[in-house]
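Biologist: Hey, I've just been handed this one and I'm new to it. Can you walk me through it?
Modeller: Sure, let's get it on screen.

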Amino acid sequence: EALDLGLVVPPIRIRDSMALEPDEYSFKIRGIEVGRAKLKLGYYMCLNTGNVARDKELVGERTRDPAFGMDAIWIPEEKRMEAERAGYAVIDPPTIIATHITEIIKRHAAKILTRQEVSAILNKIKETNPVVVDEVLSGDYKFSYGEIEGILCNLLEEQVSIRNMVTILETLANFAPITKNPYLLTEKVRQALGAQICLQYADENRVLHVLRMSQELSELILEHKVEAPGQKPNVAFDIATGRKYIEAVSSAIASVRDRNYLPIVLCVDEVRQLVKASTERELPSLIVISIGELMSAGNEIKVETLGDINV
């Protein structure tokens with residue numbers, strides 16, 4: 001099944017394992033475990049998503065939803081109707097596993113993509129858009145499957161869908177005479193997909209609620225940019241500055257979360273990748289978009305600034 005991310009998932013093999021308990025399952029990608037959880041057969045997992053009145057709360061064995069880490073409880077089959085009436089989201093074991101595997105595929109999409117997969121995607125595009133595929137694979141500035149795979153993986157790592165492959169390939173063809181740096185090309189592709197990226201995070205009124213990276217902080221980040229050949233650009237702050245920087249971003253995010261907004265950082269094009277790379281360890285799910293991506297979305301998107309990030 002092709003997920004929202006535009007990735008065709010390879011066949012999933014199911015095996016018994018003596019290393020697991022009878023009620024346990026584990027997911028592996030290329031032999032490395034990426035997820036593990038337990039099920040209680042004959043029981044349902046109940047999530048209180050805020051719709052359950054205090055006096056209607058049920059008592060059950062406490063657990064956590066494996067896909068999103070939310071608090072949950074197990075209840076026996078005979079209490080299912082009662083839980084639904086009380087307002088719980090009631091989930092059966094097959095749905096728990098299906099949701100968990102879908103989230104794992106989304107999170108690890110970049111590890112699932114291979115050169116073979118890239119070749120299959122390009123062959124499919126070639127049926128309707130042969131010119132752009134030929135230009136990218138055989139033109140004056142031709143790309144290898146590995147180079148295209150690297151750029152697609154960069155997009156997937158930040159949950160950017162690669163469904164719009166024609167736009168991605170056209171952008172690579174346009175900028176290949178200027179640069180073959182995969183990280184610069186990834187940013188150019190993101191800008192071409194600006195409307196898609198911004199709509200992914202905008203609310204139902206197409207309003208994007210953002211935290212702005214201040215000019216002073218953007219300049220400080222650029223001053224500390226480090227770039228080794230073949231490696232993703234990053235930021236090398238001294239320990240004290242690095243701590244202040246992460247604290248500033250974290251507290252800005254916390255204030256936005258308290259107001260029930262998704263934390264999205266908006267910054268100038270030159271630092272977008274650096275902000276993402278420098279916050280990845282402490283704040284892995286932070287969404288960082290650039291002004292170029294926003295400009296590319298045009299009138300599709302309105303912006304509301306929730307605050308500035310400064311040190």
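**Helix contacts and cores**

Modeller: Let's start with a helix contact: Ser-218, Ile-221 and Leu-222 of α10 meet Glu-270, Val-271, Leu-274 and Val-275 of α12. By class, that contact of α10 with α12 divides into five nonpolar residues, one polar and one charged. Keep in mind that this is a predicted model.

Biologist: At what angle do α10 and α12 pack?
Modeller: The angle is about 70°, and the axes are 10 Å apart. Here α10 covers residues 215-223 and α12 covers residues 269-279. Angles of 65 to 115 degrees count as roughly perpendicular, so α10 and α12 are roughly perpendicular to each other.

Biologist: OK, stepping back. How many helices and strands are in the chain?
Modeller: The chain has 13 helices and 12 strands.

Biologist: And what does the C-alpha trace span along its principal axes?
Modeller: About 65 × 45 × 40 Å. The chain has 311 residues, and 43% of them count as buried.

Biologist: What share of the contacts with a separation of 6 or more comes from residues 24 or more positions apart?
Modeller: Those residues account for 69% of such contacts in the chain.

Biologist: Let's talk cores. How many residues does the largest nonpolar core have?
Modeller: That core has 59 residues, and Leu-152, Met-165 and Leu-208 are the ones with the most contacts inside it. Helix α6 gives the most to this core, with six residues.

Biologist: Which residues is Met-165 in contact with, leaving aside its neighbours within four places in sequence?
Modeller: Met-165 is in contact with Ile-121, Leu-122, Ile-125 and Leu-152. There's also a second, separate core of 23 residues, which includes Leu-217, Cys-267, Val-271 and Leu-274. You've met Val-271 and Leu-274 already, on the α12 side of the contact with α10.

Biologist: Back to Met-165 then. Which residues in α7 are buried?
Modeller: Met-165, Ile-168, Leu-169, Thr-171, Leu-172 and Ala-173 are buried there.

Biologist: What covers the buried residues of α7?
Modeller: The cover includes α4 (115-128), α5 (130-138), α6 and α8 (182-192).

Biologist: Take α6 from that list. How far apart are the axes of α6 and α7?
Modeller: They are 12 Å apart, and the two helices pack at an angle of about 125°. Helix α6 runs over residues 145-157 and α7 over residues 165-175.

Biologist: Why do α6 and α7 count as oblique to each other?
Modeller: Roughly perpendicular covers 65 to 115 degrees and roughly antiparallel means over 145, with the rest counting as oblique. The angle between α6 and α7 is about 125°, so they are oblique to each other. The crossing of α6 past α7 is right-handed.

Biologist: Which residues meet there?
Modeller: From α6 you have Ile-148, Ile-151, Leu-152 and Leu-155, and they meet Met-165, Ile-168 and Leu-172 of α7. The contact of α6 with α7 has seven nonpolar residues, no polar and no charged ones.

Biologist: And α4? At roughly what angle do the axes of α4 and α7 cross?
Modeller: They cross at roughly 95° and come within 11 Å. That angle is in the 65 to 115 range, so α4 and α7 are roughly perpendicular to each other. The contact is made by Ile-121, Leu-122 and Ile-125 of α4 with Met-165, Val-166 and Leu-169 of α7. Its residues divide into six nonpolar, no polar and no charged.

Biologist: Switching to loops. Where is Gln-159 found?
Modeller: Gln-159 is in the loop between α6 and α7. This residue has a positive phi of about 60° although it is not a glycine.

Biologist: Why does Gln-159 count as partly exposed?
Modeller: Partly exposed runs between 20% and 50% relative accessible area, and Gln-159 is at 26%, so it counts as partly exposed.

Biologist: What about Arg-206, where is its place?
Modeller: Arg-206 is in the loop between α9 (194-201) and β7 (207-213). Arg-206 also isn't a glycine, and its phi is positive, at about 60°. At 38% relative accessibility, Arg-206 counts as partly exposed.

Biologist: Last one: where is Glu-282?
Modeller: Glu-282 is in the loop between α12 and β11 (287-290). With a relative accessible area of 45%, Glu-282 is partly exposed.

Biologist: How far apart are Glu-282 and Ser-250 in space?
Modeller: C-alpha to C-alpha, Glu-282 and Ser-250 are 8.9 Å apart, while in sequence they are 32 residues apart.

How values were computed:
Residues numbered from 1 in each chain as written. Predicted model: local features only at pLDDT ≥ 70, side-chain atom pairs only at ≥ 80, totals over all residues. Heavy atoms only, no water. Axes fitted to C-alpha atoms, helices over the stretch in contact; angles between N-to-C directions. Helix = DSSP H or I, 4+ residues; strand = E, 2+ residues; numbered from the N terminus. Parallel < 35°, antiparallel > 145°, perpendicular 65-115°, else oblique. Left-handed = near helix turned anticlockwise from the far one by under 90°. Contact = heavy atoms within 4.5 Å. Nonpolar A, V, L, I, M, F, W, Y, C, P; charged D, E, K, R; others polar. Core = buried A, V, L, I, M, F, W, Y, C linked by side-chain atoms within 4.5 Å. Buried < 20%, exposed > 50% of the residue type's maximum accessible area, 1.4 Å probe, protein only.
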